[in-house]
Amino acid sequence: MSNTPMAASPLTRAVLEIDEYVSGLGWDQPARLFALVDTARLRVQEPALAAQLGLTDEQEVTGLTPIEQEEIPAGKPLDEFLGTIAWPDAVVGCALTVERLMLPPSAEASVPEGLNEKKLAQWVAEHPSRQEVRMTVAVLRDGARDSALRLREKDTPTEVLTGGDLVPGLAEALSATFEE
């Protein structure tokens, strides 16, 4: 994609490519799951699919190609869904985009005690300091990880924060999909 920096690692490029793709769909989207495959291997082993994805002979073929998976079932908790995934050997990594509400760390001290999950979600949704964020988290079988965070109020490609440890819990859950 056009805004993906070429100097970045293949995993960072894949994360930013997915972030750019999903941002083009707008906000209030469901979670989306992507398989990450080695682009060169894809072109050799699945030439028809590579052609369908626009991976032409002239293009650089190093790196990772994200392939969106079927829609995540609505109503099923994300952690339960991730627990059902087993990837074939051709998949070298996976990525997930999800939108959430976040609060600044300073809000933690004001969380009312004794709230169940539903009431806590309502409290966060009504908090004046809440931020809507889209998280794109990717992991590889070898343990590498990267992520991109985009705030709804700063929804531009130049305001996307990247880093390997931005969403460690989600990265761990995605890594678990590769455990046997």
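A residue counts as buried when its relative accessible area is under 20%, as exposed when that area is over 50%, and as partly exposed in between. With that in hand, take His-127 in this predicted model: its relative accessible area is 13%, so His-127 is buried. You'll find His-127 in the loop between helix 5 and strand 4 (131-140). Leaving aside residues up to four places away in sequence, His-127 touches Leu-103, Ala-107 and Ser-110.

Staying around helix 5, look at the loop between strand 3 (91-102) and helix 5 (117-126), which is where Leu-115 sits. Leu-115 has 30% relative accessibility, so it counts as partly exposed. Together with Val-111 and Leu-120, Leu-115 makes up a nonpolar patch on the surface, and the three share about 180 Å² of accessible area.

Now swing over to helix 1, which runs through residues 10-23. Its 14 residues reach 20 Å from the first C-alpha to the last, close to the 20 Å expected at 1.5 Å a residue. How many of the residues of helix 1 are buried? The count is 10 of 14, so the helix is mostly covered. Among the buried ones are Leu-11, Ala-14, Val-15, Leu-16, Ile-18 and Val-22, but Arg-13, Asp-19 and Glu-20 are buried too. And what do the buried residues of helix 1 pack against? Strands, it turns out: strand 1 (32-38), strand 2 (64-68), strand 3, strand 4, strand 5 (145-151) and strand 6 (161-163).

Helix 1 also brings us to the aromatics. A pair of aromatic rings is described by the distance of the centres and the angle of the planes. This structure holds 2 such pairs. In one of them, Tyr-21 and Phe-34 meet edge-to-face, 6.1 Å centre to centre and with 90 degrees between the planes. That pair ties helix 1, home of Tyr-21, to strand 1, home of Phe-34, across 13 residues of chain. Are the two partners buried or partly exposed? Tyr-21 is partly exposed, because its relative accessible area is 31%, while Phe-34 is buried at 3%.

Trp-87 and Phe-178 make a pair as well, with ring centres 6.2 Å apart and planes at 25 degrees, so this one is stacked. Trp-87 lies in the loop between helix 4 (78-82) and strand 3, Phe-178 lies in the segment after helix 6 (168-175), and the two are 91 residues apart. Trp-87 is buried, with a relative accessible area of 13%, and Phe-178, at 13% relative accessibility, counts as buried too.

Terms used. Residues are numbered from 1 along each chain as its sequence is written. This is a predicted model: local features need pLDDT of at least 70, side-chain atom pairs count only at pLDDT 80 or more; totals for chains, interfaces and linings use all residues. Side-chain values use heavy atoms; hydrogens and water are left out. Patches are made of residues with over 30% relative accessible area and no salt bridge: like charges are joined within 9 Å, nonpolar side chains (Val, Leu, Ile, Met, Phe, Trp, Tyr) within 5 Å. Accessible areas come from the Shrake-Rupley method with a 1.4 Å probe; for residues, only the protein chains shown count as cover. A salt bridge is a side-chain nitrogen of Lys or Arg within 4 Å of a carboxyl oxygen of Asp or Glu. Helices (H or I, at least four residues) and strands (E, at least two) are DSSP runs, numbered from the N terminus. Buried means under 20% relative accessible area, exposed over 50%, partly exposed in between (1.4 Å probe, protein chains only). Contact means heavy atoms within 4.5 Å. The expected span of a helix is 1.5 Å times one less than its number of residues. Rings of Phe, Tyr and Trp (its six-membered ring) pair if their centres lie within 6.5 Å; planes under 30 degrees apart count as stacked, over 60 as edge-to-face and the rest as tilted.
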